[in-house]
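Please open the model in your viewer and prepare to select residues by number. This tour visits pairs of charged side chains, one stop at a time.

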Amino acid sequence: MTDKLSWGIIGTGMIAGKFAAGILTSETGRLTAVASRNQATADAFADEFGIEKRFASYEAMLADPGVQAVYISTPHPMHAEWAVKAADAGKHILCEKPITLDLADAERVVEAARANGVFLMEAFMYRCHAQTAKLVELVRSGTIGEVRMVQATFSFQTGWDPKSRLLDKSLGGGGILDVGCYCASMVRLVAGAAQGKPFAEPTELKAVGRIGETGVDEWTAAVLKFPGDIVAQLSCGVQLNQENVVRVYGSEGSILVPSPWFCGKDETGANLVVRKGSNTERISVPESGGLYSIEADTVARTIAKGVTQADAPAMTWDDTLGNMRVLDLWRAEIGG
């Protein structure tokens with residue numbers, strides 16, 4: 001593509017910085033603007049990343065005709081409001097996960113994007129990476145036979161700060177919304193690939209977990225059943241370190257993804273490990289830039305094609321809505 005996509009960033013937290021760095025090394029984007037809730041923060045962020053336009057309000061940036069696409073990196077509870085306002089302003093949208101706090105708000109955001117004819121994607125960066133595409137290819141081709149079980153874990157132990165976004169219920173805290181969303185999106189992707197579909201929806205969901213003193217889920221596990229008798233085990237947490245891997249078990253073997261969420265390689269240089277009986281195959285995928293650069297390029301190239309939602313394995317609107325439905329059920333199961 002000849003003309004680069006002009007990006008604005010809403011929010012100046014850690015993840016915003018990572019995405020800004022990704023745009024700067026992308027092939028398709030240029031970083032035009034940043035918006036914060038005060039001028040000093042906007043200026044500091046803009047100075048760090050060499051951004052010309054810096055705004056002290058989100059509304060001001062959305063009113064700028066020079067901004068074509070926005071990346072929303074605010075705390076979870078603000079995603080819905082600013083995604084809708086961005087759509088109404090005619091901006092294309094990449095919104096950090098989870099796209100909203102619940103399915104009802106997610107539906108509202110999708111409808112705003114549809115009504116305004118803009119691109120909208122939930123920012124699961126691993127979905128844009130060649131590693132994930134290779135996993136889908138292996139599952140669809142029957143490399144390990146019929147898929148029977150999928151295990152996905154994303155969990156870490158954060159410091160104890162009741163007012164932090166991870167532990168404050170008013171900020172959308174808890175493991176399910178922050179990292180359980182990754183696990184849900186992965187098992188739905190794999191279960192769908194096993195049936196030749198972009199994703200699958202569970203027919204049953206059971207879960208248990210701990211609700212901490214701040215009212216958020218601190219660690220939890222869920223079991224899902226999908227069509228074809230595929231069973232998935234999901235585990236996440238913000239107060240517990242676990243082994244953050246994905247495993248897919250089939251009738252003829254298994255696939256291990258050592259670094260499913262950040263798409264890194266294991267100590268042998270493999271992205272995926274396929275085991276069939278006594279045979280082990282270690283598969284590496286070509287490096288094609290950083291995760292956030294790849295994500296930015298996925299968005300820009302899809303927009304350039306005139307498509308308003310990315311093709312699988314990136315997140316389509318129906319995929320996002322299905323994922324939010326699972327998160328709602330999971331939280332309800334444990335009383336979160």
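Begin by selecting Glu218, which is buried, with a relative accessible area of 3%. The model before you is predicted. Add Arg210 to the selection: the side chains of Glu218 and Arg210 form a salt bridge, with N and O 2.7 Å apart. Arg210 is partly exposed, at a relative accessible area of 36%. This pair is one of the 18 salt bridges in the structure.

Next, select Asp319 together with Arg188. A salt bridge joins Asp319 and Arg188, and their closest N and O atoms lie 2.6 Å apart. The two residues come from distant parts of the chain: Asp319 belongs to helix α9 (residues 317-334) and Arg188 to helix α7 (residues 175-194), a separation of 131 residues. Are these partners buried or exposed? Asp319 has a relative accessibility of 2% and therefore counts as buried, the cut-off being under 20%. Arg188, at 0% relative accessibility, also counts as buried.

Keep Asp319 and Arg188 selected, and add Arg127 and Glu201. Arg127, Arg188, Glu201 and Asp319 are connected in a network of salt bridges.

For the final stop, select Lys225 and Asp229. These residues form a salt bridge in which the closest N and O atoms are 3.5 Å apart. Lys225 is partly exposed, with a relative accessible area of 31%. Asp229 has a relative accessibility of 55% and so counts as exposed, since that class begins over 50%.

Technical notes: Residues are numbered from 1 along each chain as its sequence is written. This is a predicted model: local features need pLDDT of at least 70, side-chain atom pairs count only at pLDDT 80 or more; totals for chains, interfaces and linings use all residues. Side-chain values use heavy atoms; hydrogens and water are left out. A salt bridge is a side-chain nitrogen of Lys or Arg within 4 Å of a carboxyl oxygen of Asp or Glu. Helices (H or I, at least four residues) and strands (E, at least two) are DSSP runs, numbered from the N terminus. Buried means under 20% relative accessible area, exposed over 50%, partly exposed in between (1.4 Å probe, protein chains only).
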